[in-house]
Amino acid sequence: MIVALVLGAAVRADGTPSPTLDLRLRHAVDLWRKGRVQMICTTGGPGRHGPPEGAVARDLALSLGVPAAVVLAEMRSTNTVQNLAFARALIPPRASVILVSNRWHLPRALAAARLLGLSATASGPVGRQTPGAAAAAILRETAATPLSLWRAFRWARRSGP
């Protein structure tokens, strides 16, 4: 079994997915429609606005025709490492994971997933960012990587892979 694990992103003040969350979820649904994954696991707890990111993404998947039996929703995480760790408990044993996020986010997420013992690969949609926004995202990821890997390492040591 292969599960598309959609990493969380912001929800707008009106409770709808941000463009980033929408892009990630639609990519996962496309992977499911093409038969590359058998399940979709959305992630993310309550953020600055509205309901949990995982619930908003799940509802979007259902509205796009994905059956409820195929969608798992993790709804308490607040960062990438927690997205991965909390989702791991929902995913069927021995399932492989395809991490779904923006391409600039995937190297950090993939490294953290492997530290947490997930058998993971990655797939990112083609983004719609301007070159300046993409450069800012890459710089943010570069800065965030050491902290995320430290969190994943500590999590793995405490709970085991």
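Student: How do you know that Glu74 has no salt bridge?

Tutor: Look at the nearest side chain of opposite charge, Arg76: it is 4.8 Å away. A salt bridge needs a side-chain nitrogen of Lys or Arg within 4 Å of a carboxyl oxygen of Asp or Glu. So Arg76, at 4.8 Å, does not qualify. For charge, Lys and Arg count as positive and Asp and Glu as negative, while His and the chain ends are not counted. Glu74 is nevertheless buried. Buried means under 20% relative accessible area, exposed over 50%, and partly exposed in between (1.4 Å probe, protein chains only).

Student: What should I keep in mind about the model?

Tutor: The model is predicted: local features need pLDDT of at least 70 and side-chain atom pairs count only at pLDDT 80 or more, but totals for chains, interfaces and linings use all residues. Residues are numbered from 1 along each chain as its sequence is written, and side-chain values use heavy atoms, with hydrogens and water left out.

Student: What makes polar contacts with the side chain of Glu74?

Tutor: The backbone nitrogen of Gly44 lies 3.0 Å from that side chain. The side chain of Ser77 is at 2.6 Å. A polar contact is a pair of N or O atoms within 3.5 Å; within protein, one must be able to donate a hydrogen and the other to accept it, and residues adjacent in sequence count only if both atoms are side-chain atoms. Glu74 itself sits in the loop between strand E3 (71-73) and helix H3 (80-88). Helices (H or I, at least four residues) and strands (E, at least two) are DSSP runs, numbered from the N terminus. Beyond four places in sequence, the residues touched by Glu74 include Thr42, Asn83 and Phe86. Such contact means heavy atoms within 4.5 Å.

Student: How many salt bridges does the rule give?

Tutor: Three. Asp22 pairs with Arg26 at 2.9 Å, closest N to O. Asp30 pairs with Lys34 at 3.1 Å. Arg58 and Asp59 also meet at 3.1 Å.

Student: How do you know how far apart Asp22 and Arg26 sit along helix H1?

Tutor: Asp22 and Arg26 are four residues apart in H1 (residues 19-33), so about one helical turn separates them. An α-helix has 3.6 residues a turn, so residues three or four places apart point the same way.

Student: Which of the paired residues are buried, partly exposed or exposed?

Tutor: Asp22 has 16% relative accessible area, so it is buried. Arg26, at 39%, is partly exposed. Asp30 is partly exposed at 31%, whereas Lys34 is exposed at 60%. Arg58 at 25% is partly exposed, and Asp59 at 40% is also partly exposed.

Student: What makes H3 a mostly covered helix?

Tutor: Eight of its nine residues are buried. Among them are Thr80, Val81, Asn83 and Leu84. Gln82, also in H3, has a relative accessible area of 18%, so it too is buried. Outside four places in sequence, Gln82 contacts Arg76, Ser77, Ala87 and Trp155. The cover over the buried residues of H3 includes E1, E2, E4, H4 and H5.

Student: What makes Asn79 a cap for H3?

Tutor: A side-chain oxygen of Asn79 lies 3.1 Å from the backbone nitrogen of Val81, at the N-terminal end of H3.

Student: Why are Phe86 and Trp155 called edge-to-face?

Tutor: Their centres are 5.4 Å apart and their planes differ by 70°. Rings of Phe, Tyr and Trp (its six-membered ring) pair if their centres lie within 6.5 Å; planes under 30 degrees apart count as stacked, over 60 as edge-to-face and the rest as tilted. So both tests are met. The pair joins distant parts of the chain, with Phe86 in H3 and Trp155 in H5, 69 residues apart. Phe86 is buried at 13%. The whole structure has two aromatic pairs.

Student: What makes up the largest nonpolar core?

Tutor: It has 26 residues; Leu5, Leu84 and Ala120 are among those with the most contacts inside it. Strands E1 (2-6), E2 (39-42) and E4 (96-100), along with H3, H4 (106-115) and H5 (131-159), each supply at least two residues. A separate second core has 20 residues, including Ala9 and Ile40. A nonpolar core is a set of buried Ala, Val, Leu, Ile, Met, Phe, Trp, Tyr and Cys residues joined through side-chain atoms within 4.5 Å.
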